[in-house]
Amino acid sequence: MTPSPEHASAPRTKRLPGRREGPRSSSRAATDRLLRGLRDEGWTPAAWARFLGRATLRSASEAIRHAPALAEATALHWAFARAAPPRRRHWVAASWALTVTHLGMLEDRRTLGPANILTLVRANLPALQDRLGPLLPIAALATDFLDGRISRATATQTPFGRDADFIADAAVWNWHAAQHEPSAFLRLAAAVVWAGPIAAVVVSSFAGAAMKDVPRSPWIRPAAALQVLLAARALLRPAIAARRDLDRTGFCGPKSIEKA
């Protein structure tokens, strides 16, 4: 899914005035070194094994260094696992694994912070589909709106937050489109808008032996427009289906009763 346990697609990040960046806080530099090592060793099975071993060791050391965030992530996912039905707990487990192997991207922060917690809540909404029903897309939109504003208001943007935000959107909206969207065109659009950029970043990062960023425009936001469209259709679908049932059965109001 991601080129290494240290960097996913591209940051919700902002360098703070006077903030010092050292070798231990540069997750991108660490990922680039791992990718260069894989390329320099010739992409052999042994090189891949060493790459995965080094990435795992670094992720473990960063998780220990960010122990408070590790505890927060584990507690949050434990709560989701308790609330989710057993058949959906694999989603929570995957989210926890991705989270704890990317804690190095918190850089100098030791805790997740409220914005990142909201992002992780959004990422786990599909596990609560049985509880949320058609309100799930609205919850996804609300958490997406809030996490970015909180991170900017509190000056707590990090590479972890930016990449987690994009991956959470990709996971939730592709799942929603695949499971609940009857339009084949919109299902394809969701794959192009969210899964396509992640695949492109992974391939180009490995090919270039350096992390690439997802291109984003402040003016053109197809993902945001598609989110609103999918959420609106999800909310309207029950009403449209009920109207069709009424029309089909002929029970459309007092006049139908009189005719009967």
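A nonpolar core is a set of buried Ala, Val, Leu, Ile, Met, Phe, Trp, Tyr and Cys residues joined through side-chain atoms within 4.5 Å. Buried denotes under 20% relative accessible area and exposed over 50%, with partly exposed in between (1.4 Å probe, protein chains only).

The model is predicted: local features need pLDDT of at least 70, side-chain atom pairs count only at pLDDT 80 or more, and totals for chains, interfaces and linings use all residues. Residues are numbered from 1 along each chain as its sequence is written, and side-chain values use heavy atoms, leaving out hydrogens and water.

The largest nonpolar core has 31 residues, and Trp 194 and Leu 226 have the most contacts inside it. Two or more residues each come from helices H1 (27-40), H2 (45-65), H7 (136-153), H8 (159-180), H9 and H10. H9 gives the most, with nine residues. Helices are DSSP runs (H or I, at least four residues) numbered from the N terminus.

Three residues illustrate the range of exposure.

| Residue | Location | Relative accessible area |
|---|---|---|
| Arg 122 | helix H5 (residues 113-123) | 0%, buried |
| Leu 135 | loop between helix H6 (129-132) and H7 | 52%, exposed |
| Arg 221 | loop between helix H9 (184-208) and helix H10 (222-249) | 54%, exposed |

The C-alpha atoms of Arg 122 and Asp 144 are separated by 7.4 Å, although the residues lie 22 apart along the chain.

On the surface, Leu 135, Ile 138 and Leu 235 form a nonpolar patch with about 250 Å² of accessible area together. Accessible areas come from the Shrake-Rupley method with a 1.4 Å probe, and for residues only the protein chains shown count as cover. Patch residues have over 30% relative accessible area and no salt bridge; nonpolar side chains (Val, Leu, Ile, Met, Phe, Trp, Tyr) are joined within 5 Å and like charges within 9 Å. A salt bridge places a side-chain nitrogen of Lys or Arg within 4 Å of a carboxyl oxygen of Asp or Glu.
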